[in-house]
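Have a look at the sequence and the model below. The notes after it walk through the fold, a helix, a metal site and a few individual residues.

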Amino acid sequence: MNEQSILDEVYNTQLAMELISSGARMQVLESETSLSRRKLLRLYKEIKGCSPAKGMLPFSPDWFMSWEQNIHSSLFYNIYLYLHKTEKKRPIASLLKAYRLYREQCPGEPGEKPVLEFTRAWTLLRFIDCNMLEQVSCSVCAGNFISTRQYVNTTFTCSLCHPPSRASKKKSIRADATQ
Ligand SMILES: [Zn+2]
C-alpha cells in the first residue's frame, strides 16, 4: 500500500467530502480521489447517514439529447467551460464550482431531484473527453448545445428555439406565408 502524505490525505478527504455533499456516487469518488474504498464508504455513511447506491452507472449519451436534459446539460457545460478557461483550476474543481452555479440557476422544486444530477454532470465531461458527445452551435440562436456526433455536419436547432417534433411543421407554415 502506498504511503500517502498527510497533506495529500487532507486534500483528498476534503475533495471526497465536497463530492459526497454534491451527490457524487461511489464510482466518482473512487475515480477522483486516492482514498481507499473502505475510507470512502465510511466517509459517505458519516456524511449521508446511509450507504451509497450499488451497481454500475446506467448512463448513456442519448440521455443528454432529450430536450429538457439537453438544455440543463448545455447550461451546465457552458458554465464549466467558462470556469475551466478563466480560472485554470483542476477539472474536478471547475466541475464542483460549475455544478454549484448550475444548481443556483436551476434550483428546481424543493425536495425534487435536479434534472442534471452531479454524477450525470461528471459523466457528461467524461463522454465529451471520449468524443461521445460534443458541442454544436444552434443555427438560430448560435448558442452552444450538447450533442451526439450525428449532428456535427448537419444543421442543428436547439430545443429552446424549436421543439424538434414541431420544427418541420413551423417550416411549412413559414413557406406557405411567403408564397
Ligand atoms: Zn437555439
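Among contacts in the protein chain with a separation of 6 or more, 51% are between residues 24 or more positions apart. Bear in mind that this is a predicted model. The chain has seven helices and two strands, and from the N terminus on the order reads α-α-α-α-α-α-β-β-α. Of its 179 residues, 35% are buried. The accessible surface adds up to about 11,500 Å², and carbon and sulfur atoms hold 52% of that.

**A helix with plenty of cover**

Helix 5 is a good place to start. Its 15 residues, 91-105, reach 21 Å from the first C-alpha to the last, close to the 21 Å expected at 1.5 Å a residue. Which residues of helix 5 are buried? They are I92, S94, L95, L96, A98, Y99 and Y102. As a rule, an α-helix has 3.6 residues a turn, so residues three or four places apart point the same way. The cover over the buried residues of helix 5 includes helix 1 (6-22), helix 2 (26-32), helix 4 and helix 6 (118-129).

**The zinc site**

What holds the zinc ion on the protein side? Its donors are the SG atoms of C138, C141, C158 and C161, lying 2.3 Å from the metal. Along the chain these donors follow the spacing C-x2-C-x16-C-x2-C. The angles among the four donor atoms run from 105 to 116°, and the site is tetrahedral. The reason for that label is the cut-off: four donors count as tetrahedral if all angles lie between 85 and 135 degrees.

Are C138 and C141 buried or exposed? C138 has 3% relative accessibility, so it counts as buried. C141, on the other hand, is partly exposed because its relative accessible area is 40%; the band for that label sits between the 20% and 50% limits.

**Three buried residues, three elements**

Now for some single positions outside the metal site. Here is where they sit and how accessible they are:

| Residue | Element | Relative accessibility |
|---|---|---|
| L43 | helix 3 (residues 37-48) | 14%, buried |
| S74 | helix 4 (residues 67-87) | 2%, buried |
| T148 | strand 2 (residues 144-148) | 7%, buried |

Start with L43. Setting aside neighbours within four places in sequence, L43 is in contact with T13, A16, M17, I20 and L35. One of these, A16, is 27 residues from L43 in sequence, yet their C-alpha atoms are 8.0 Å apart. T13, A16, M17 and I20 fall within the 6-22 range of helix 1, and L43 itself is in helix 3.

S74 is a polar side chain with a partner: it reaches the backbone oxygen of N70 at 2.6 Å. Which residues beyond four places in sequence does S74 touch? They are N144, F145 and I146. Those three lie in the 144-148 stretch that makes up strand 2, while S74 belongs to helix 4.

T148 is in strand 2 too. Leaving out residues up to four places away in sequence, T148 touches P61, D62, M65, M132 and L133. T148 counts as buried because its relative accessibility is 7%, and buried means under 20%.

Terms used: Residues numbered from 1 in each chain as written. Predicted model: local features only at pLDDT ≥ 70, side-chain atom pairs only at ≥ 80, totals over all residues. Heavy atoms only, no water. Donors = N, O, S within 2.8 Å, 3.2 Å for Na, K, Ca; no water. Tetrahedral: all angles 85-135°; square planar, octahedral: opposite > 155°, others 65-115°. Buried < 20%, exposed > 50% of the residue type's maximum accessible area, 1.4 Å probe, protein only. Helix = DSSP H or I, 4+ residues; strand = E, 2+ residues; numbered from the N terminus. Polar contact = N/O pair within 3.5 Å; in protein donor to acceptor, adjacent residues only side chain to side chain. Contact = heavy atoms within 4.5 Å. Areas by Shrake-Rupley, 256 points an atom, 1.4 Å probe, with all protein chains shown as cover. Expected span 1.5 Å × (residues − 1).
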